[in-house]
Structure formats: C-alpha cells, structure tokens
Amino acid sequence: MAGFISSSLLWSTCFCVCFFSVLSLLERRDHPIKSDGSLSFVVIGDWGRKGEYNQSQVAAQMGEVAEKLDIDFVISTGDNFYDDGLTGIDDPAFELSFSKIYTASSLQKPWFNVLGNHDYRGDVLAQLNPILNKIDQRWICHRSFIINTDIAEFFFVDTTPFVDKYFFKPKDHKYDWRGVLPRKKYLSNLLKDLEKALKLSTAKWKIVVGHHTIRSVGHHGDTEELVKQLLPILEANNVDLYINGHDHCLEHISSTTSKMQFLTSGGGSKSWKGDFDLDREGVKFYYDGQGFMSVELQESDARIIYYDIFGQVLHSVSLSKGLYYS
C-alpha cells in the first residue's frame, strides 16, 4: 500500500502540473497496462450521497469485483457529490462520500473523474483543486483530459456546458461557470481539441467518457446537444465506446449507424426512476436500479459486465475489433 501511495502521489502530481502548464483543453498522460498486455477497470457514476441510497452496498461489491480483476483504475462518470457539488476544498462531503466509502484495498487506485451537472451546482474549482489529491491521493479530476495506454486511449469530456437548459432554464439552481465562459468559445475549443486528438489517435480502442447521455432510454433520454455537436465527431473518428452516467441506471445501447456502443453506468446510489422506454432499436440491456460496470480490455477483445448491488451479473458484452457486439 505504501508503495502505491507514493507512486500514485508522484504520478498524479505530475499530471496536475503538466495539465495546467498548457493552454489546450485536452492534455495527454500515459498510464501503464499489465505485464500481459491487458487493462481492466470499473465504472461508477452518480454516487456521492454519504453512503445512503445503497451507495455503500454498491461500493462493497465494486471492491470485490475490482479485486478479482486486479483493476488498473476507476472511472467516475460524474455527479460525484449530491445535491450541489462541494462547497469548497474543506467540505466534509469529500471524505464522507468518497474516502470513507470506497475503502476496499482493490479500489486504492487512481480515480479518473469527470464533472456532472450536480457538481457544477457547487464550487467546481474545489473538485478540480490539486489539494483534494493531497487529502486522498486517488482523486484525479479535470474538466477534459486524455489517458493514453498501450492498447486504448480514454478521452474524458466535460459535457455539462453543452446543455442549454442549465444556462437558460436553471430553475432554482445556481451553476458555477468559472472557466467555461464565454460558453461558445469554450465549447468550440473543446470540440476542436477533441476532434484533433481523435484523428491523431492510433489506439486500438478509442473510448470517450462523459457525464451526460448521448443515447439513452432512461429518465433523461438522449442529450440532444451532444447528439448534434459531439456524436458526429465520435462517429467520424471510429470511437468504440461512449461511457456515461446521468441516467441513474445501467444500460447498453448499440449504435445503428456505427460500431459504437453506448454504455451507461449511473447506478452508484439513488436510482429506480421507474421512467424508461425500451421500445427502441439498438437497446441490448436496461436495468432501472443500482450497480456498476467493469471493463476488461485486450488488444483485440473487450469484455464488459454489469453488476447489481449484490454482485450478481446482469448483462455481459463481448467485443472484437472490427466486429459488432456479441
């Protein structure tokens, strides 16, 4: 454990320094894979409720699966702290919803986090502050960034600023748009950086991670702004997986126009919306409840598994490069 902590601190500190030393909205960092050439990780989203709404139960099962797979890292698809993000770097919710919940030794790996719409309702700069990494060395959170491995590249995208209603119909909510305004310029630069990075990528697997859905039959449905602005870039650059949260469920939808698979892992805590429509082409799996997802990658194959709060396998997907799901 001591070895991991020291190396993790060095790695994440380097990441923070390098990330903020450039103007690009997408900075790249390398991450090692296993000696056998494989990579494994778990994905959780919409979780930060101080252990309530079965968050602790999901965390426990995630720890067991992570141990079996000997995961390399964890991906969080956003909405890390409910209901309104963090109030600052000293907000006790950071420890009560994160450090003291995900305590399994198998989860003491880097956590790559994106921001969700609930995170933007709080102090966004607090979640992005490197000080949180000193409090818990697993925590790595930026708006948008790239993790490069020998077999896959992961493109983390800040999706909340794309959504019109947060700007024009915020209801009683206040959003922290520091670092985003002027919005049009921010989104234009982000899309240009992402498109360039995807075009230059020679990775065997191209995986994009964001908070909001692109395709979903759950409560929120498709995010139209992403369908119009982000999806064409992903399809044109042969992205394999789009991984998201936002809808508090687990789902798998296969694209009808490309090889892309849309994977939702937003069941980290409060769930069971009871609001979904399965009458749609491409829907392979939907679970209106809590749980998480695991991914095992090899150079030419991928295995994706969804689990409930009891660790039961709900759905599995096998992918091969050049082929659609099976």
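A residue is counted as buried when its relative accessible area is under 20%. By this criterion, buried residues make up 60% of the 326 residues in the protein chain. The structure described here is a predicted model, and the account moves from the whole chain to its two sheets and then to single strands and residues.

The secondary structure of the chain consists of nine helices and 15 strands. Along the principal axes, the C-alpha atoms fill a box of roughly 45 × 45 × 40 Å. The radius of gyration is 18 Å, which agrees with the value near 20 Å for a compact globule of 326 residues. Among contacts with a separation of 6 or more, 71% join residues that are 24 or more positions apart. The accessible surface amounts to about 13500 Å², and carbon and sulfur atoms account for 51% of that area.

An unreviewed UniProt entry lists residues 40–249 under "domain: Calcineurin-like phosphoesterase". In the model this span is 31% helix and 16% strand, and its end C-alpha atoms lie 22 Å apart.

One open sheet is formed by seven strands in the order β5-β4-β3-β2-β13-β14-β15, with mixed pairing. Strands β5 (139–141) and β15 (313–320) stand at its edges; each has a single partner strand, so one side of each is left without a neighbour in the sheet. From one strand to the next, the twist averages 20°. At the β15 edge, strand β14 (residues 301–307) runs antiparallel to β15, and seven bridges join the two. Within this pair, Tyr 307 is placed opposite Val 313 of β15.

Helix α2 (residues 55–69) lies across four strands of the seven-stranded sheet, namely β2 (39–44), β4 (111–113), β13 (292–297) and β14. The helix runs at about 10° to β13. One of the residues of helix α2 is Gln 61. Gln 61 has a relative accessibility of 17% and therefore counts as buried. Leaving aside residues up to four places away in sequence, Gln 61 touches Phe 292, Asp 308, Ile 309, Phe 310 and Gly 311.

A second open sheet contains eight strands in the order β1-β6-β7-β8-β9-β11-β10-β12, and its pairing is also mixed. Its edge strands, β1 (28–30) and β12 (283–287), each pair on one side only. The twist in this sheet averages 15° from one strand to the next.

Strand β7 (residues 152–156) belongs to the eight-stranded sheet, and five of its five residues are buried. In a regular strand the side chains alternate between the two faces of the sheet. On one side of β7 are Ala 152, Phe 154 and Phe 156, on the other Glu 153 and Phe 155, and both faces are covered. Strand β6 (residues 145–148) pairs with β7 in the antiparallel sense over four bridges. These two strands form a hairpin, with three residues between them. Ile 146 stands opposite Phe 155 of β7. The pairing of β7 with β8, by contrast, is parallel and comprises five bridges. Here Glu 153 has Lys 206 in β8 as its bridge partner.

Strand β8 (residues 205–209) is in turn paired with β9, in the parallel sense and over three bridges. Two of the opposed positions in this pair are described here: Ile 207 stands opposite Leu 241 in β9, and Val 208 stands opposite Tyr 242 in β9.

Strand β9 (residues 241–244) has buried residues pointing both ways: Leu 241 and Ile 243 point one way, Tyr 242 and Asn 244 the other. Beyond its pairing with β8, strand β9 also pairs with strand β11 (residues 261–265), in the parallel sense and over four bridges. In that pairing, Asn 244 is found opposite Thr 264 of β11.

Technical notes: Residues are numbered from 1 along each chain as its sequence is written. This is a predicted model: local features need pLDDT of at least 70, side-chain atom pairs count only at pLDDT 80 or more; totals for chains, interfaces and linings use all residues. Side-chain values use heavy atoms; hydrogens and water are left out. Two strands pair if DSSP finds at least two bridges between them. Axes are lines fitted to C-alpha atoms, for helices over the stretch in contact, and angles run from 0 to 180 degrees between N-to-C directions. Contact means heavy atoms within 4.5 Å. UniProt positions are given in the numbering used here, feature names are shortened, and annotations may be inferred rather than shown by experiment. The radius of gyration is taken over C-alpha atoms; the globule rule is 2.2 Å times the number of residues to the power 0.38. Buried means under 20% relative accessible area, exposed over 50%, partly exposed in between (1.4 Å probe, protein chains only). Accessible areas come from the Shrake-Rupley method with a 1.4 Å probe; for residues, only the protein chains shown count as cover.
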